[in-house]
Amino acid sequence: MIDLGYMAELLRNARINQGISQAEAAEKCGVTDRTIRKYETKGIKDLVTLDMVCKCYGITMTVKIGKTSS
């Protein structure tokens with residue numbers, strides 16, 4: 001099972017590491033800044049959308065869903 005909270009945190013960190021604002025990320029991904037905020041607080045359930053955001057951030061999707069539970 002994908003930990004959506006963990007995913008949200010990783011997406012937020014990926015954006016911050018790039019030094020871009022939520023508004024800049026939204027423009028880059030073709031969504032609204034409200035949508036980026038939602039992704040960064042609730043995660044992304046849809047893998048197609050997750051792949052799109054990861055491509056915008058220049059990261060791989062496997063890193064985002066690869067966390068295993070202990």
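How much accessible surface does the protein have, and what percentage of it belongs to carbon and sulfur atoms? The total comes to about 4500 Å², and carbon and sulfur atoms account for 53% of that. Here are my notes on the rest; please keep in mind that this is a predicted model.

1. **Overall layout.** The protein has five helices and zero strands, so reading along the sequence gives the pattern α-α-α-α-α. Its length is 70 residues, and 31% of them count as buried. For contacts with a separation of 6 or more, 56% link residues that lie 24 or more positions apart.

2. **Helix α2.** This helix covers residues 22-29, and its buried residues are A25, A26 and C29. Viewed down the axis of α2, they fall within an arc of 100°, so they line one face of the helix. The cover over these buried residues includes α1 (4-18), α3 (33-42) and α4 (47-57). Just after α2 comes G30, with a positive phi of about 75°.

3. **Helix α4.** Which residues of α4 are buried? They are T49, L50, V53, C54, C56 and Y57. Seen down the axis, the buried residues of α4 fall within an arc of 155°, so they too line one face of their helix. A general point helps in reading such lists: an α-helix has 3.6 residues a turn, so residues three or four places apart point the same way. On the other side of α4, V48 and K55 are exposed. Just after α4, G58 has a positive phi, here about 70°.

4. **The nonpolar core.** The largest nonpolar core has 15 residues, and those that touch the most other members are L11, I36, Y39, I44, L50, V53 and Y57. Helices α1, α2, α3 and α4 are the elements that each give two or more residues to this core. The largest share, five residues, comes from α4. As background, nonpolar side chains tend to be buried together in soluble globular proteins.

5. **R15, a residue worth a look.** Is R15, in helix α1, buried or exposed? R15 is buried, because its relative accessible area is 9% and the cut-off for burial is under 20%. Its side chain is joined to that of E40 by a polar contact of 2.5 Å. Leaving aside residues up to four places away in sequence, R15 touches I20, S21, Q22, A25, I36, E40 and Y57. Some names here have come up before: A25 is among the buried residues of α2, Y57 is among those of α4, and I36 is one of the core residues listed in point 4.

6. **The cysteines.** How many disulfides does the structure hold? The count is zero. C54 is in no disulfide, and the nearest cysteine sulfur, that of C56, is 9.2 Å away. A disulfide calls for sulfur atoms within 2.5 Å, so this pair does not qualify. C54 is buried, with a relative accessible area of 1%, and C56 also counts as buried, at 14% relative accessibility. In helix α2, C29 is buried as well.

Methods:
Residues numbered from 1 in each chain as written. Predicted model: local features only at pLDDT ≥ 70, side-chain atom pairs only at ≥ 80, totals over all residues. Heavy atoms only, no water. Helix = DSSP H or I, 4+ residues; strand = E, 2+ residues; numbered from the N terminus. Buried < 20%, exposed > 50% of the residue type's maximum accessible area, 1.4 Å probe, protein only. Contact = heavy atoms within 4.5 Å. Areas by Shrake-Rupley, 256 points an atom, 1.4 Å probe, with all protein chains shown as cover. Arc of directions from axis to C-beta. Polar contact = N/O pair within 3.5 Å; in protein donor to acceptor, adjacent residues only side chain to side chain. Core = buried A, V, L, I, M, F, W, Y, C linked by side-chain atoms within 4.5 Å.
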